[in-house]
Amino acid sequence: MKERRKALSAIGKLWPWVMVAVVAGLWTYGRFSGELAFGLRAGESLQYFLVEMALVLPPMFLLVGLFEVWVPRELVERHAGRRAGVAAIPWMLLLATVQAGPLYGAFPVAVSLWRKGCAPRNVFIYLGAFSAMKIPMLTFEVGFLGWSFSIARTLITLPVFIVIGLVMERLLPAAFQLPAASDSDAMGDGVRLS
Amino acid sequence: MEQMGFNSTVIVLWIITGVALLVSFIADRRKTRASLIKGLKMLWGVLPLLLGVLALVSLVLAAVTPEMLQQVLSGSGPLPFFAALGIGSITLMPGFIAYPLAGVLQKLGASTPVLAAFITSLMMVGVLTLPVEARFFGWRVSLLRNGLALVGAFLVAVGMAWVLP
């Protein structure tokens with residue numbers, strides 16, 4: 001049993017690097033043989049993702065660190081907590097729509113808000129707005145699909161993810177706890193930065 | 001165009017972060033140090049998983065060619081609509097590929113609801129990124145959120161069909 005668990009955890013630690021190596025290998029092969037367009041395409045998108053990660057993730061995580069240390073729990077609870085009313089929604093939209101980057105960049109922010117007392121519904125409204133209403137992305141959407149499409153889609157999406165937020169809060173038990181692994185103090189354990 | 005919008009937002013993000021760190025450092029060195037450690041530890045903790053998932057997404061994106069999508073999504077009837085929801089949910093596509101592609105699909109005659117279903121599920125539902133999401137929120141919350149977002153994408157598409165026939 002113990003050995004099996006050990007093997008599983010080794011696989012868990014290794015597979016990401018194997019995947020990256022596979023893509024890098026396919027790309028290199030395609031690059032030099034000129035035959036494997038598949039490998040070239042995979043390598044190019046991975047490259048795009050890596051650049052995007054390098055540009056967006058460090059500032060996002062540093063801001064989350066500052067937020068956790070400086071912003072008092074009462075402040076978040078008052079403006080976006082379970083007892084805060086609909087006035088919390090504009091705050092969430094403002095926070096989400098001015099940001100850029102992929103949705104996974106918003107996860108640490110969302111978890112941090114949640115831990116500071118933000119109501120679950122508002123956390124999911126934030127995630128919804130981040131995924132579908134970011135202003136830099138909307139300008140791009142207008143360019144390709146036109147104003148009427150973009151405006152209609154945004155206006156229809158807004159109530160949909162507000163409802164998703166409300167339903168999520170209903171479905172989760174009141175005593176729901178976020179996984180301990182998502183705590184900024186527990187994450188990356190075994191890594192010493194100090 | 002997206003590159004421009006994206007770049008300027010990234011620059012603003014870095015400037016805000018730099019100013020915030022500087023102000024924090026002036027106000028309290030020890031607290032700033034603690035915040036840096038928190039932030040970097042969190043980033044470090046999720047980085048390998050994220051890399052693996054993104055490599056997997058790259059392989060899937062390379063396997064699904066724009067020609068294939070055009071074939072599946074530009075027909076008529078309910079099939080392209082559900083195909084758009086399904087394909088949009090599996091892959092997480094960056095806006096710089098998704099929007100130009102949606103523009104091409106539109107010119108080739110993909111209907112508004114199909115485009116809306118594709119774009120919305122692309123942005124709100126990500127099966128391949130589930131492990132990363134679960135790392136932060138747990139599997140239960142992540143599965144619930146993605147399931148509801150899929151229903152949401154369906155509703156948005158239906159709404160679009162109603163507003164922009």
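This passage walks through the fold of chain B, the domains of both chains, the contact between them and the nonpolar core. The structure described here is a predicted model.

A good place to begin is chain B, whose secondary structure consists of eight helices and zero strands. Read from the N terminus, its elements follow the order α-α-α-α-α-α-α-α. The overall dimensions of chain B can be given in two ways. Along the principal axes, its C-alpha atoms occupy a box of roughly 65 × 35 × 30 Å. Its radius of gyration is 20 Å, whereas a compact globule of 165 residues would have one near 15 Å. Within chain B, 46% of the 165 residues count as buried. Contacts across the sequence are also informative: among those in chain B that link residues at least 6 apart in sequence, 80% join residues at least 24 apart.

Turning to domains, chain B is divided into domain 1, covering residues 1–50, and domain 2, covering residues 64–165. The centres of these two domains of chain B, taken over C-alpha atoms, are separated by 31 Å. For chain A, the domain assignment gives domain 1 (1–56) and domain 2 (71–173). Here the separation between the centres of domain 1 and domain 2 of chain A, again over C-alpha atoms, is 32 Å.

The two chains meet in a contact that takes 67 residues from chain A and 71 residues from chain B. On the side of chain A that touches chain B, the elements giving two or more residues are α1 (2–33), α2 (37–70), α5 (107–115), α6 (120–132), α7 (135–145) and α8 (147–171) of chain A. Of these, α2(A) gives the most, with 21 residues. Sorted by class, this side of chain A has 50 nonpolar, twelve polar and five charged residues.

Nonpolar residues also take centre stage in the interior. In soluble globular proteins, nonpolar side chains tend to be buried together. In this model, the largest nonpolar core has 99 residues, and those with the most contacts inside it are A:A110, A:Y126, B:A102, B:L115, B:A117, B:F118 and B:A153. The element that gives the most to this core is helix α2 (residues 29–63) of chain B, with 13 residues. For a look at one spot in the core, A:A110 is a handy guide: leaving aside residues up to four places away in sequence, A:A110 touches A:V123, A:Y126 and A:L127. One of these partners, A:Y126, is itself listed with A:A110 among the core residues with the most contacts.

Note on methods. Residues numbered from 1 in each chain as written. Chains lettered and ligands numbered in written order. Predicted model: local features only at pLDDT ≥ 70, side-chain atom pairs only at ≥ 80, totals over all residues. Core = buried A, V, L, I, M, F, W, Y, C linked by C-beta atoms within 7 Å. Buried ≥ 20, exposed ≤ 12 C-beta atoms within 10 Å, placed from the backbone. Helix = DSSP H or I, 4+ residues; strand = E, 2+ residues; numbered from the N terminus. Contact = placed C-beta atoms within 7 Å. Nonpolar A, V, L, I, M, F, W, Y, C, P; charged D, E, K, R; others polar. Domains from an automatic or database assignment. Rg over C-alpha atoms; globule rule 2.2 N^0.38 Å.
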